[in-house]
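This report describes the fold and the interior of one protein. The sequence and the structure are shown first, and the account then proceeds from a single helix to the cores, the sheet and the chain as a whole.

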Amino acid sequence: MNTPGSLTYVYAVTHRTGPLGDALDGLHGIGQAPLRFLPLTAGTEPVPSTSLALLAFVASDVPEQDFNETALKNHFEDLDWLEYVARTHHDVVQAVAARAPVLPLRMATVYQDDHRALQALAAQEDVFIQRLDQLRDHTEYGVKIYLTTEATQPPAAAPAPAASPGKAYLQARRAQRHSRDAVYQQAEQAAETIETIASRHATQRVRHAPQRGELTGPQENVVNYAYLIPDDQAGPFQAAIADAAQHFPDLRIEVTGPWAPYSFAMPAVGPTDAPEPPP
């Protein structure tokens, strides 16, 4: 039941289990609010649907003044606020994912109250159950390919007769272009190799747009894939990627994870659809 002046913030969908319930007792959500399962009960009555009783939202209260529609529009321009909410949301989802199948929901998925949240869960009951079954004993891993700073620089030129400044500039640009073309071809080959490896281990794949700006630093991200890997294939998958990376010295190939299956979960549903957080 909600406290006065609060909304229901939902982090994820999962199956209710005893060990998971015990784990929630030691976790907190946004604003250090205690986490709870929905539905454990609907009001004071048990949830009537047998199948729905297998499902639960992981939820907490959040202040209405900070998470109503107007407040969210303002907060999504506050990078410090965004970082805190995103990190807390992620920590809750990861803690649940370590103990049970989980469908992470979009950051800032809020409902007017617990009753509205339960209505949303009931409306998607069959879809959530099917998706959780597909994700059972699977984990998300990311694979990113970066062009190293050194690889995109032109090779050192041998001493040459004096040339005009204009000609020297054109020669330098031509050498740089050839160097970049070569490393891009290497990145294409690496991407094909990674896809071949993933075809042996992954059950699903999502191609995300390459990251830009502060997320990548001075290196250029050219491939940003997510793979859903059966847990018993995680070790062989990571080992195969690490072995392949040794054959592409001008690239940095990074494997991230294990993650909760953000890239393979259902989108948030319900009466309040918050704006997408920045990447």
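## Helix α5 and its surroundings

His115 and Ala123 are exposed on the other side of helix α5, facing away from the set of residues described next. In this predicted model, α5 spans residues 114-123, and Asp114, Ala117, Leu118, Ala120 and Leu121 are its buried positions. Viewed down the axis of α5, these buried residues fall within an arc of 160°, so they line one face of the helix.

Several elements contribute to the cover over the buried residues of α5. They include the strands β1, β2 (36-38), β3 and β5 (110-111), together with helix α6 (125-135).

## Nonpolar cores

The largest nonpolar core comprises 25 residues. Within this core, Tyr9, Tyr11 and Phe67 have the most contacts. Two or more residues each are given by β1 (6-15), β3 (55-63) and α4 (79-97). Helix α4 supplies the largest share, namely six residues. Another core lies apart from this one; it has 24 residues, among them Leu147, Ala198, Ala244 and Phe248.

Tyr11 merits separate attention. When its neighbours within four places in sequence are left aside, the contacts of Tyr11 include Gly29, Ile30 and Leu35. Val58, Ala59 and Ser60 are also in contact with Tyr11, as are His89, Val92, Val93, Pro104 and Leu105.

## The four-stranded sheet

An open sheet is formed by four strands, which follow the order β7-β8-β6-β9 with antiparallel pairing. Its edge strands are β7 (204-207) and β9 (251-259), each of which pairs on one side only. On average, neighbouring strands of this sheet are turned by 20° against each other, with direction ignored.

Strands of a sheet pair through backbone hydrogen bonds, in either a parallel or an antiparallel arrangement. Here, β6 (residues 138-147) and β8 (residues 220-230) are paired in the antiparallel sense over 10 bridges. Asn224 in β8 is the bridge partner of Lys144.

## The protein as a whole

The protein contains eight helices and nine strands. It has 279 residues, of which 43% count as buried. Among contacts between residues at least 6 apart in sequence, 82% join residues at least 24 apart.

The exposed area of the protein is about 15000 Å². Carbon and sulfur atoms supply 53% of that area.

How values were computed. Residues numbered from 1 in each chain as written. Predicted model: local features only at pLDDT ≥ 70, side-chain atom pairs only at ≥ 80, totals over all residues. Heavy atoms only, no water. Pairing = 2+ DSSP bridges. Axes fitted to C-alpha atoms, helices over the stretch in contact; angles between N-to-C directions. Buried < 20%, exposed > 50% of the residue type's maximum accessible area, 1.4 Å probe, protein only. Contact = heavy atoms within 4.5 Å. Areas by Shrake-Rupley, 256 points an atom, 1.4 Å probe, with all protein chains shown as cover. Core = buried A, V, L, I, M, F, W, Y, C linked by side-chain atoms within 4.5 Å. Arc of directions from axis to C-beta.
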